[in-house]
Every structure is written in structure tokens, then in C-alpha cells.
Amino acid sequence: RDILRAVDDIYQGVEDKGLVTVGDVRKRIAKRFRWEECPDDIRSLVKQRLSDLVTRDILRAVDDIYQGVEDKGLVTVGDVRKRIAKRFRWEECPDDIRSLVKQRLSDLVTRDILRAV
């Protein structure tokens with residue numbers, strides 16, 4: 001739990017979330033717990049937690065973008081990906097993020113269609 005809380009604290013303390021790397025967080029965790037480097041089991045834990053935090057932020061960003069568009073029929077996956085990339089200061093969305101954005105947008109559109117029926 002202390003490790004997870006430390007990853008959360010480090011991630012939340014970073015202003016530019018698009019530049020956060022697993023290696024940087026691992027180094028800061030090792031320093032915080034006075035280790036020369038993170039043990040293997042901690043390394044994988046840090047990676048998974050950081051992945052969870054980034055995924056959460058991406059999903060929230062897709063939700064915000066989708067909700068902010070008045071005409072939902074004009075929302076495209078490509079446009080949302082571009083806005084996500086801009087928000088996280090990436091040149092373009094990484095492949096894993098691209099598929100996450102596509103799936104989330106599909107879920108939101110499906111939800112709206114089912115509500116309309």
C-alpha cells in the first residue's frame with residue numbers, strides 16, 4: 001500500500017503527465033524508500049500502477065472531450081485522438097492509447113444510443 005500511495009503521490013505531483021516515464025517513477029520510488037534500485041516485484045507493481053493512473057486520466061479526458069462536443073454526430077476517433085495527444089503533449093497518441101481512446105469513444109456513443117431508445 002505504501003508503494004501504491006507513493007506512485008500516486010509522484011504521479012499527481014508531476015505537472016506534465018505526458019512526460020512521466022516508468023523509469024523516472026521507479027527511480028523516485030527507490031530514492032523515497034532508500035533502495036539502490038527497485039526490487040523486481042516492486043518494479044512491476046510501479047509499472048502496473050502507473051499504467052492504471054494514465055489509463056484513468058485518458059478515459060477522463062475522452063469523457064471530457066466527448067461531453068464538450070455539442071453535436072455528438074460530428075465526433076470522430078481521429079479528432080479525439082488529436083485532442084488527447086495535444087492535452088498530454090504527445091506528437092501523436094501511442095498505439096495502446098489509440099485503441100483505448102477508440103474503445104472509450106465507442107462505449108460513450110453506444111451508451112448515448114441506448115439512452116435514446
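Where is Asp-16 found? In the loop between α1 and α2. A word of caution before going on: this is a predicted model.

Let me stay with Asp-16 for a moment. Is this residue buried or exposed? Asp-16 counts as buried, because its relative accessibility is 15% and the cut-off for buried is under 20%. Now pair Asp-16 with Leu-105. They sit 89 residues apart along the chain, and their C-alpha atoms are separated by 24 Å.

Next, a residue from helix α1 itself: Ile-10. Ile-10 is buried too, with a relative accessibility of 3%. Take Val-109 as its partner for a distance check. Between the C-alpha atoms of Ile-10 and Val-109 there are 34 Å, and along the chain there are 99 residues.

On to the core. In soluble globular proteins, nonpolar side chains tend to be buried together. Here the largest nonpolar core has 32 residues. Which residues have the most contacts inside it? The list is Val-25, Ile-29, Ile-58, Val-80, Ile-84, Trp-90 and Ile-97. Five elements are worth pointing at on the model. Helices α1, which spans 2-13, and α2, which spans 22-32, each give two or more residues to this core, and so do α3, α4 and α5. Which of them gives the most? That is α3, with 10 residues.

So much for the inside. Now the charges. Side chains of opposite charge can pair when their charged atoms come close. How many salt bridges does a search of the whole structure find? The search finds 8. I will show three of them.

The first on my list is Asp-64 with Arg-87. The N to O distance is 3.7 Å. Why look at this pair? Asp-64 lies in helix α3 and Arg-87 lies in helix α4, residues 77-87, so the salt bridge ties together parts that are 23 residues apart in sequence. Both ends are partly exposed: Asp-64 has a relative accessible area of 49%, and Arg-87 comes in at 45%.

Then Arg-56 with Asp-57. The closest N and O atoms of this salt bridge are 3.3 Å apart. The two ends fall into separate classes of exposure. Arg-56 is partly exposed at 29%, whereas Asp-57 is buried at 15%.

And then Arg-111 with Asp-112. In this salt bridge, the closest N and O atoms are 3.2 Å apart. Arg-111 counts as partly exposed, with 29% relative accessibility. Asp-112 counts as partly exposed as well, with 23%.

Let us turn to the surface. There are two patches to show. Which residues form the negative one? Glu-36, Glu-37, Asp-40 and Asp-41 do. Pick out Asp-40. Asp-40 is found in helix α3, which covers residues 40-68. Asp-40 is exposed, because its relative accessible area is 64% and exposed means over 50%.

The other patch is nonpolar. Val-109, Ile-113 and Val-117 make it, and its area is about 300 Å². You met Val-109 earlier, as the partner of Ile-10 in the 34 Å separation. Where is Val-117? Val-117 is in the segment after α5, the helix that runs over 95-116. Val-117 counts as exposed, at 81% relative accessibility.

Last topic: the backbone. Most residues other than glycine have a negative phi. I have two arginines to set against that. What is phi of Arg-34? Near 60°, a positive value in a residue other than glycine. Arg-34 lies in the loop between α2 and α3. Arg-34 is exposed, with 77% relative accessibility.

Arg-89 is the other one. Its phi is also positive, near 60°. Arg-89 is found in the loop between α4 and α5. At 59% relative accessibility, Arg-89 is exposed.

To recap, in brief. The largest nonpolar core has 32 residues, and Trp-90 is one of those with the most contacts inside it. Helix α3 gives the most to that core. Helix α3 also holds Asp-64, whose partner Arg-87 lies in helix α4. On the surface, one patch is negative and one is nonpolar. And keep in mind that the model is predicted.

Methods. Residues are numbered from 1 along each chain as its sequence is written. This is a predicted model: local features need pLDDT of at least 70, side-chain atom pairs count only at pLDDT 80 or more; totals for chains, interfaces and linings use all residues. Side-chain values use heavy atoms; hydrogens and water are left out. Patches are made of residues with over 30% relative accessible area and no salt bridge: like charges are joined within 9 Å, nonpolar side chains (Val, Leu, Ile, Met, Phe, Trp, Tyr) within 5 Å. Accessible areas come from the Shrake-Rupley method with a 1.4 Å probe; for residues, only the protein chains shown count as cover. A salt bridge is a side-chain nitrogen of Lys or Arg within 4 Å of a carboxyl oxygen of Asp or Glu. Lys and Arg count as positive and Asp and Glu as negative; His and the chain ends are not counted. The place of a charge is taken as NZ of Lys, CZ of Arg, CG of Asp or CD of Glu. Helices (H or I, at least four residues) and strands (E, at least two) are DSSP runs, numbered from the N terminus. Buried means under 20% relative accessible area, exposed over 50%, partly exposed in between (1.4 Å probe, protein chains only). A nonpolar core is a set of buried Ala, Val, Leu, Ile, Met, Phe, Trp, Tyr and Cys residues joined through side-chain atoms within 4.5 Å.
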